[in-house]
Amino acid sequence: MSTPAAGAATLTPRRSSRFVAWVRAWRAGLVPFDEVADAVAGHEEHLVADAPGTWTDVPLPQALPTLAKLSPDEIRLVLPAPGDPRGLPGPGGDFAGAALVAGEAVVAGGLGLIPQVRTHTSGSGDTFETVLWRVYPLPADAPAASLTLPGAAEAEAELAAALADTTAALTRLDVAQWRPELAGALEALRRPDGATDLPPGFDPRARRLFARAAVLDRVLALAGHATPGGAINNYEAQQRDAALRPLTTACRQALVAACNAPLRP
């Protein structure tokens, strides 16, 4: 029987990571244009708002040509968090603020893109979601983004160390008592997941790092949620958050390092 946690481990990874990986591979000439939008969107409907030269929301394939003149190195994944804005092109501004709220963004030349999930209800009462990529023009005089994030090798080592430390901390907190279904999600870390594949051009280390970090990122999102029925009190929740924080940071850095890694033919 599948559990909510196990199900969380099979959901789509961060949309910005998929966007960056596949658009970079396209711009490197490693995948055809016709495959990019489907690879980014998967089974979702993706629209783009405020793309240059458009006057209304357009389907993702119609907006992607806006990026056709960019090189792969001009397209980057950014996963900022409060107190850790690394990767954002300068402090302040509409894009930086929205990226911090969303926790993810794409920097593509002079544009920034942020995915927003919209929930709709049909006339029959069914609910469905669409993803709207909102485009922000970046100031021409914005300071260059910080490039102090680790490379894939360093990020992989930091993720492994953080995972070991966090597992020990959660064991001491008896995490199984208040979140037993996490075991099913953690088991997914040992299984391949088609949703965590990178496109051609990424080396084996980047692929391995992305696959592990993408699943772990979704497990962490679940672990950070309030437990059903208030199974833990505020003090225990603070302990949990403190235990998860280093791993969450290492996981974000791993995703960024993998998706922004140099591409090879």
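In the predicted model, strand E3 (residues 75–78) and strand E4 run antiparallel and are joined by four bridges. One of the residues of E3, Leu-77, has Val-106 as its bridge partner in E4. Strand E4 also pairs with strand E5 (residues 111–121), again in the antiparallel sense, over three bridges. In this second pairing, the partner of Val-106 in E5 is Leu-113. Val-106 therefore has a bridge partner in E3 and another in E5, and both pairings rest on at least two bridges between the strands. The connection from E4 to E5 is a hairpin with two residues between the strands, and Gly-109 in the turn has a positive phi of about 60 degrees.

Strand E4 (residues 105–108) is covered on both faces. Ala-105 and Val-107 are buried on one side, while Val-106 and Ala-108 are buried on the other.

Helix H3 (residues 33–41) also contains buried residues, namely Val-36, Ala-37, Ala-39, Val-40 and Ala-41. The elements that cover them include helix H2 (15–27), strand E1, helix H4 (60–63) and strand E6 (127–137). Just after H3, Gly-42 takes a positive phi of about 60 degrees.

In soluble globular proteins, nonpolar side chains tend to be buried together. The largest nonpolar core of the model holds 56 residues, and Phe-19, Leu-67 and Leu-159 touch the most other members. Helix H10 (residues 234–259) gives the most to this core, with 10 residues. Apart from the largest core lies another, of 11 residues, which includes Phe-95, Ala-96, Ala-98 and Val-107. Val-107 of this other core is one of the buried residues of E4.

The surroundings of Leu-159 were examined without its neighbours within four places in sequence. On this basis Leu-159 is in contact with Leu-209, Arg-212, Ala-213, Leu-216, Leu-247, Ala-250, Cys-251 and Ala-254. Cys-251, one of these contacts, is counted as buried because its relative accessible area is 0%, under the limit of 20%. Cys-259 is likewise counted as buried because its relative accessibility is 0%. A search of the whole structure finds zero disulfides.

Two cavities of 30 Å³ or more were found. The largest cavity has a volume of about 70 Å³. Its lining is made up of Phe-19, Val-48, Ala-51, Pro-52, Leu-60, Ala-63, Leu-64, Thr-66, Leu-67, Leu-111, Leu-113 and Val-135. The elements that give two or more residues to this lining are H4 and E5. Phe-19 and Leu-67 appear in the lining of the largest cavity and are also among the residues that touch the most other members of the largest core. Leu-113, another lining residue, is the bridge partner of Val-106 in E5.

Asp-57 lies in the loop between strand E1 (45–49) and strand E2 (58–59). Asp-57 counts as partly exposed because its relative accessibility is 35%, a value between the limits of 20% and 50%. When its neighbours within four places in sequence are left aside, Asp-57 is in contact with Val-48, Ala-49, Arg-118 and Leu-132. Val-48, one of these contacts, also lines the largest cavity. The C-alpha atoms of Asp-57 and His-46 are separated by 9.9 Å, and the two residues are 11 residues apart along the chain.

Terms used. Residues numbered from 1 in each chain as written. Predicted model: local features only at pLDDT ≥ 70, side-chain atom pairs only at ≥ 80, totals over all residues. Heavy atoms only, no water. Buried < 20%, exposed > 50% of the residue type's maximum accessible area, 1.4 Å probe, protein only. Contact = heavy atoms within 4.5 Å. Disulfide = S-S within 2.5 Å. Core = buried A, V, L, I, M, F, W, Y, C linked by side-chain atoms within 4.5 Å. 1 Å grid on protein atoms, 1.4 Å probe; cavity = no way out; pocket = protein on both sides within 12 Å on 5 of 7 lines; lining within 4 Å. Points joined across faces, edges and corners; volume = space filled by probe spheres on them.
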